[in-house]
Amino acid sequence: MAVQAVPPVAFTIPDAVAYSGFSRSRLYRLIQSDDLPSLRVGGRRMIRRDALDAFFDRLTDKAA
């Protein structure tokens, strides 16, 4: 039986940096300005993958 990789629902900050291409400080500025929603799970800051995708969709819509 083959095991299939499941894409993550949410990213830690380092994973969100890798996924988005933004710097760590840029992500924190977007979170602080409420442009990018995030949540805390235990002591970790997490960003949902769909929130990052929606952020990029909004940028694309503004550019069009």
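In what order do the three strands form their open sheet, and is the pairing parallel or antiparallel? In this predicted model, the order is β1-β3-β2, and the pairing is antiparallel. The tour below starts from that sheet and moves outward through the helices and loops.

**The whole chain**

Begin with the entire protein in cartoon view, where the secondary structure comes to three helices and three strands, and where the pattern along the sequence reads β-α-α-β-β-α. Taken along the principal axes, the C-alpha atoms fill a box of roughly 45 × 35 × 15 Å. If you colour by burial, expect buried residues to make up 23% of the 64 residues. Among contacts between residues at least 6 apart in sequence, 48% join residues at least 24 apart.

**The sheet**

Select residues 10–12 and 39–41 next, which are β1 and β2, the edge strands, each of which pairs on one side only. Neighbouring strands of this sheet are turned by 45° against each other on average, with direction ignored. Then add β3, residues 44–48, which pairs with β1 in the antiparallel sense over three bridges. On the β2 side, β3 is again joined in the antiparallel sense over three bridges, and here you can pick out R40, which stands opposite R45 in β3. Follow the chain from β2 into β3 and you pass through a hairpin that has two residues between the strands, in which G42 takes a positive phi near 65°.

**T12 in strand β1**

Now centre the view on T12, which is found in strand β1 and stands opposite M46 in β3. Is T12 buried or exposed? With a relative accessible area of 11%, T12 is buried, since the cut-off for a buried residue is under 20%. Show the residues around T12 and, leaving aside those up to four places away in sequence, you will find that T12 touches R44, R45 and M46.

**Helix α3 on the sheet, and α1 beside it**

Select residues 49–63, helix α3, which packs on the sheet, touching β1 and β3, and whose direction makes about 55° with that of β3. With α3 still displayed, add α1, residues 13–20. Two packed helices are described by the angle between their axes and the distance between the axes. For α1 and α3 the angle is about 35° and the axes are 11 Å apart, and α1 passes α3 in a right-handed crossing. To see the contact itself, display the side chains of A16, Y19 and S20 in α1, which meet R49, L52, D53 and F56 in α3. The residues of this contact divide into four nonpolar, one polar and two charged.

**Helix α2 and its buried face**

Move next to helix α2, residues 24–32, and highlight L27, L30 and I31, which are buried. Looking down the axis of α2, you should see that its buried residues fall within an arc of 100°, so they line one face of the helix. What do the buried residues of α2 pack against? Turning on the surroundings shows that they pack against α1, β3 and α3.

**The loops on either side of α2**

Two loop residues complete the tour. The first stop is G21, found in the loop between α1 and α2, and at 65% relative accessibility G21 counts as exposed, given that the cut-off for an exposed residue is over 50%. From G21 you can draw a distance to Q32, which lies 11 residues away along the chain, and the C-alpha atoms of the two are separated by 18 Å.

The second stop is D34, in the loop between α2 and β2. Which sign does the phi of D34 have? The phi of D34 is positive, at about 65°, although D34 is not a glycine. Like G21, D34 can be checked on a surface display, where at 68% relative accessibility D34 counts as exposed.

Key:
Residues are numbered from 1 along each chain as its sequence is written. This is a predicted model: local features need pLDDT of at least 70, side-chain atom pairs count only at pLDDT 80 or more; totals for chains, interfaces and linings use all residues. Side-chain values use heavy atoms; hydrogens and water are left out. Two strands pair if DSSP finds at least two bridges between them. Helices (H or I, at least four residues) and strands (E, at least two) are DSSP runs, numbered from the N terminus. Axes are lines fitted to C-alpha atoms, for helices over the stretch in contact, and angles run from 0 to 180 degrees between N-to-C directions. Contact means heavy atoms within 4.5 Å. Buried means under 20% relative accessible area, exposed over 50%, partly exposed in between (1.4 Å probe, protein chains only). The arc is that of the directions from the helix axis to the C-beta atoms. A crossing is left-handed if the near helix is turned anticlockwise from the far one by less than a right angle, and right-handed if clockwise. Ala, Val, Leu, Ile, Met, Phe, Trp, Tyr, Cys and Pro count as nonpolar, Asp, Glu, Lys and Arg as charged, and the others, Gly among them, as polar.
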